[in-house]
Amino acid sequence: MVLQKAPAKAVVWGYGKTGAKVAVSLSGPFKISANYAPVINGIWRTTLSPVGAGGPYNLTASQSTTDSSISLIDVLFGDIWLCGGQSNMAFTVGQVYNAKEELAMASKFPYVRIFQAALEQSSVELNDLAGVEVPWSRPTAELLGGKDFSHFSAVCWLFGRYLYEILQYPIGLVESCWGGTPVEAWSSQRALLKCGLKSSVSSVLYNQLPVQSNFWDDISAAWDSSVLWNSMIHPLLNMTITGAIWYQGEANVDHNRDKYNCSFPAMIDDWRIAFHEGSDGQTALDFPFGFVQLSTWHNNSQDGFREIRWHQTADYGFAPNERMKNTFMAVAIDLPDEKSPWGSIHPRYKQDVAYRLVLGARAVAYGEKNVSFQGPFPTQGLLNQSFISIVFNQDISASLDDDFFEVCCSANKMCGTDQSWLPVPIIKQGSDYVILSISPCPTEQIAAVRYLWKDWPCKFKACPIYSSDEVLPAPPFILYRSSN
């Protein structure tokens, strides 16, 4: 396994005979003094001294009254990342493009270790996992390329592998996700109450979705609030972790969609508090949290993805932001996969997703100053008599296209329906700006401008605005006209 490295301290716990004492010791490259923990109500727990990255160590727990002991061997210390969400996180390495090549490399990364919780629900908070799908293991092709949507998560694995290639010390990956699940199932009751959401059944239905028989059985399912928080997150709270990554949102397209700008940030806040308290303060109270902004599902239709993408950022359009501090976002709107065997809602381009997440982790979690992890975002919109100039926060690479920007053309400044929005072309670009023609609409009637406000706006890596190195796309955004 991997335990969290210094400067944080790893928490270790287990079971024993009430009243006994358990001695916990580490043997390996460096001598670590033993810890002693009393067994209270059948459970013992201790916090190890800080251990630097590396290993291997042997971890031994010995109970005083019975002369019994348990030893865990080949324990490494590094960074622990939790991977959560729904089926795009569960999507395995064996399902991605170039799966054969990816699986063949698995054994070359023995210092990236994997663990996966089993799919279990509970109506009450559990202290231990009800089941384990993949116990702590070195990666193998068989474990990474299990049955579709089973084990192991491609986004999680690739994120960890890419991180290891940068950091060059052990990475532990803990997967806890379930296809077809809404954010409410992963949220505690206290988090839901902050958004005015009561304990209720979440009916999640994916219709018109071409899938094979080996897809999740729960694409049409009902989920009680907090049932996965109770069974698949709460048992992990004692762990000291570095951070978390998340790929979810599709199941909220038709369930509490307008609340997602509250429920998702509230879940992040609540996880942070719970992991901090559960680890006796060893997991940072503001631990870094990365997420994937939704890709695409239906072409030429409105399926709610555009609203969820916006709400994933708490309606800021970018991350981190004032509401969602110490977060990072991988934009995936330019990674559609119309021919995915598992339906277009499950694009196979997970390498790009993981790479973009790692850029965010390097900048936000590890503080690398010279890592660009965000695509261009507007800082200013200037309205003229015949055009709008959009100025970005960085140099851009842009193409002159017609169908990606829209203006709200409304005499009463009401922009609630799509009928109020007209497409406008990019007619000129500069180093950090684009100019849009507004000829279809009188200047005085323009109320707002928006970009990529469609469920499937671009072909693969072919949106019109990217960073100057053409690596990171600009995310969707909307700018409203000032009342001044």
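**Stop 1: cavities.** Searching the whole structure, which is a predicted model, turns up 2 cavities of 30 Å³ or more. Let's visit the second largest cavity, which has a volume of about 30 Å³. To find it, select Asp403, Phe404, Glu406, Leu452, Trp453, Lys454 and Pro457, the residues that line it. Try colouring them by class: the lining of this cavity has 4 nonpolar and 3 charged residues, with no polar ones.

**Stop 2: the second largest pocket.** Keep Trp453 selected, and add Glu307, Arg450, Ile478 and Tyr480. These five are the closest to the centre of the second largest pocket, out of 14 residues that line it. The space here comes to about 270 Å³. Which elements each supply at least two residues of this lining? Show helix H8 (305-312) and strand E25 (477-480), and you have them. H8 gives the largest share, 4 residues. By class, this lining is made of 6 nonpolar, 3 polar and 5 charged residues.

**Stop 3: a loop beside H8.** Now select Asn300, which sits in the loop between strand E14 (289-292) and H8. Is Asn300 buried or exposed? Switch on the surface and look: Asn300 has a relative accessible area of 76%, so it counts as exposed. While you are there, select Ala462 too. Asn300 and Ala462 are 162 residues apart along the chain, and their C-alpha atoms are separated by 17 Å.

**Stop 4: the largest pocket.** Next, select Met1, Val12, Trp13, Gly14 and Asp128. Of the 41 residues lining the largest pocket, these lie nearest its centre. About 1100 Å³ of space lies inside this pocket. To see the elements that give two or more residues to its lining, show strands E1 (2-4), E2 (11-15), E5 (43-47), E6 (54-63), E7 (68-85) and E9 (132-137). Colour this lining by class and you will find 26 nonpolar, 13 polar and 2 charged residues.

**Stop 5: the disulfides.** Show the cysteines as sticks. How many disulfides does the structure hold? There are 5, and if you number the bonded cysteines in sequence order, they pair as 1-2, 3-4, 5-7, 6-8 and 9-10.

Start with Cys83 and Cys156, which are joined by a disulfide with an S to S distance of 2.1 Å. Because Cys83 is in strand E7 and Cys156 is in helix H4 (residues 154-167), this pair ties together parts 73 residues apart in sequence. The torsion about its S-S bond is about 70 degrees, so this disulfide is right-handed. Cys83 is buried, with a relative accessible area of 0%, and Cys156 counts as buried at 0% as well.

Before leaving this spot, select Cys177. This cysteine is in no disulfide; the nearest cysteine sulfur belongs to Cys156, 8.0 Å away. At 2% relative accessibility, Cys177 counts as buried, the cut-off being under 20%.

Move on to Cys408 and Cys415, whose sulfur atoms are 2.1 Å apart in a disulfide. Is their link left-handed or right-handed? With -100 degrees about the S-S bond, it is left-handed. Both Cys408 and Cys415 are buried.

For the last selection, pick Cys458 and Cys463, which form a disulfide with their sulfur atoms 2.0 Å apart. Here the torsion about the S-S bond is about 105 degrees, so the link is right-handed. Cys458 has a relative accessibility of 3% and counts as buried; Cys463, at 5%, counts as buried too.

Key
Residues numbered from 1 in each chain as written. Predicted model: local features only at pLDDT ≥ 70, side-chain atom pairs only at ≥ 80, totals over all residues. Heavy atoms only, no water. 1 Å grid on protein atoms, 1.4 Å probe; cavity = no way out; pocket = protein on both sides within 12 Å on 5 of 7 lines; lining within 4 Å. Points joined across faces, edges and corners; volume = space filled by probe spheres on them. Nonpolar A, V, L, I, M, F, W, Y, C, P; charged D, E, K, R; others polar. Buried < 20%, exposed > 50% of the residue type's maximum accessible area, 1.4 Å probe, protein only. Disulfide = S-S within 2.5 Å.
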